[in-house]
Amino acid sequence: MKDTLPTASLLREQFASGARSAEDIVREHLDRIAEREPRVDAFLTVLDEQARERARTLDARRAAGAPLGMLAGVPVALKDNICTRGVRTTCGAKMLAGFVPPYDAHVVERLLAEDAVIIGKANMDEFAMGSSTENSAFKITKNPWDPARIPGGSSGGSAAAVAAGMAPLALGSDTGGSIRQPAALCGVVGLKPTYGRVSRYGVIAFASSLDQVGPFARTARDAALLLQAIAAPDERDSTCARTEPDDYLAQIDAGVDGMTFGLPREFFLSEGMDPEVSAAVDEARRTFETLGVRFVDISLPHSRIDAQDGLLSSYALATYYVLATAEASSNLARFDGVKYGHRSAGFSDMVDMYAKTREEGFGDEVKRRIMLGTYALSAGYYDAYFLKAARVRRLIKEDFDRAFEQVDVVLGPTAPQRAFHTGERAADPLAMYMSDIFTIPCNLAGICGISVPCGFTRSGLPIGVQLMATHWADATLLRAAHAFQSATDHHLRTP
């Protein structure tokens, strides 16, 4: 184990007390980016000069006795589907390679209001479609623990940046596991808040009924700090909650003694699971028992997972890849070469321009999902696919509703296997889709979920345990994750 990296909470305290300057903190992280980025490729844009200038401004404000925000002096990385005014925002796509937004996303406004320092834009799977960050049009991000392996996706750049110590905090987006799965594979904490807890204004849409922005951090306390900063009502997003968020930090130390956790029998497989993942998750269960948690068996029948010929399948997986692709087909229709983004050259007429622009601007996985979604929404197939999937989604939600009548938290694996080698599943989309088989139900139900480091394989690769709670119970998840981290040291190891 290498030297423990400072947490965001510690950096905030050091800056507020005058023990360290914001300029020193930012310089330290920029130096680490310069050292480690060539090995990891986590960033698409590093805001070197902007970050240094903001740090100097914060130092001057502190010296003048001005009030400071809750993230004062703390560097934060942003997934590159989060719009930043005056800074290139590509969504990992050739289609948006030169797009510079004229406005900030809501979460960026909140970070700036709380005096955070945005240090860079992180790599991602194109339009957030992928589970490995191999689908970016610009580079392939590597896992800091083993550069021959993937970091997970689609928020792999954000997860890798935190794991490698290049940023103490990062934001990602989670549509079917794109925060939690890379968090598990990179050995950090990743939280998908309850749908509607964080505004999606200014976040380039993939599937609007599933997308949610959330934090990456080394600790649950830091994740709570970042969620506290970005969770606020926003009238520009009609799906955003109108109520003020809980005080997540005030509840973080309450512990889990007396809580009841559910073990969904559908998530604990006899085949198709990496035995080392199963063993680590079971050890996490035993740790929670020592902290006073009572476990009961529960059932989530419409999230049932079957294993056959080495492949996993489930109702939830099939439902997701109908609904998410249908919404993607609609959302991505705007990228046609007319108003902004890539436009093909040498077209003969407008229809030819549309066709060539989308052919050149979209990668294979994005094209695959657009075609799947368009098919599911087409005349004659809408009822058979989209409508049926919407009904199954409702059944999945009702399964969770019944479970949360008897338990506070549902515990299970985050990902079925360790991080796989780069290119290992590139030619097999179905095998790639299996990576999110345990995380997708949470998005379909709209509840909150968190991945917490719970162990390592014999070869030294991280493993994550997933905790899920009912709508608006994000504080409960963070409290449980913090209790687990207080009793273990998995999160203290660094690559």
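# Side-chain contacts in a predicted model

Biologist: Is R52 buried, exposed or partly exposed?

Modeller: R52 has a relative accessible area of 22%, and the classes are buried under 20%, exposed over 50% and partly exposed in between, calculated with a 1.4 Å probe and protein chains only. The model is predicted, so local features need pLDDT of at least 70 and side-chain atom pairs count only at pLDDT 80 or more, whereas totals for chains, interfaces and linings use all residues. Residues are numbered from 1 along each chain as its sequence is written, and side-chain values use heavy atoms, with hydrogens and water left out. At 22%, R52 therefore counts as partly exposed.

Biologist: Which residue meets the side chain of R52 in a salt bridge?

Modeller: Side chains of opposite charge can pair when their charged atoms come close, and a salt bridge requires a side-chain nitrogen of Lys or Arg within 4 Å of a carboxyl oxygen of Asp or Glu. For R52 the N to O distance is 2.6 Å, and the partner, like R52, lies in helix α3 (residues 48-63), where helices (H or I, at least four residues) and strands (E, at least two) are DSSP runs numbered from the N terminus. The two residues are separated by about one helical turn because they are four residues apart in that helix. The partner has a relative accessibility of 28%, which is partly exposed, and the residue that meets R52 is D48.

Biologist: How many salt bridges does the structure hold?

Modeller: The pair of D48 and R52 is one case, and R285 with E289 is another, with the closest N and O atoms 3.0 Å apart. Counted over the structure, the number of salt bridges is 33.

Biologist: How far apart in helix α9 are R285 and E289?

Modeller: R285 is buried at a relative accessible area of 18%, whereas E289 is partly exposed at 39%. The two are separated by about one helical turn, because their distance along helix α9 is four residues.

Biologist: Which residue forms a salt bridge with R394?

Modeller: R394 is partly exposed, with a relative accessible area of 48%, and its partner is also found in helix α13 (residues 382-403), four residues away. The closest N and O atoms are 3.3 Å apart, and the partner is E398.

Biologist: Which residues are joined into one network by salt bridges that share partners?

Modeller: R285 and E289 already form a salt bridge in helix α9. Through shared partners, the network that contains these two is made up of D282, E283, R285, R286 and E289.

Biologist: How many aromatic pairs does the structure hold, and which type do F261 and F288 form?

Modeller: Rings of Phe, Tyr and Trp (its six-membered ring) pair if their centres lie within 6.5 Å, with planes under 30 degrees apart counted as stacked, over 60 as edge-to-face and the rest as tilted. The structure holds 17 such pairs. For F261 and F288, the centres are 4.9 Å apart and the planes meet at 55°, and the type is tilted.

Biologist: How many residues apart are F261 and F288?

Modeller: The pair links distant parts of the chain, with F261 in strand β7 (residues 260-264) and F288 in helix α9 (residues 275-290). F261 is buried at 0% relative accessible area, and F288 likewise counts as buried at 0%. Their separation in sequence is 27 residues.

Biologist: What is the angle between the planes of F335 and Y340?

Modeller: F335 is buried, with a relative accessible area of 4%, whereas Y340 is partly exposed at 35%, and both belong to one aromatic cluster with F99, F127 and F362. The rings lie 6.1 Å centre to centre in an edge-to-face pair, and the angle is 80°.

Biologist: Which side chain is joined to that of S178 by a polar contact?

Modeller: S178 lies in the loop between β4 (169-173) and α6 (180-186), and is buried with a relative accessible area of 6%. A polar contact is a pair of N or O atoms within 3.5 Å; within protein, one must be able to donate a hydrogen and the other to accept it, and residues adjacent in sequence count only if both atoms are side-chain atoms. Here the distance is 3.0 Å, and the partner is S154.
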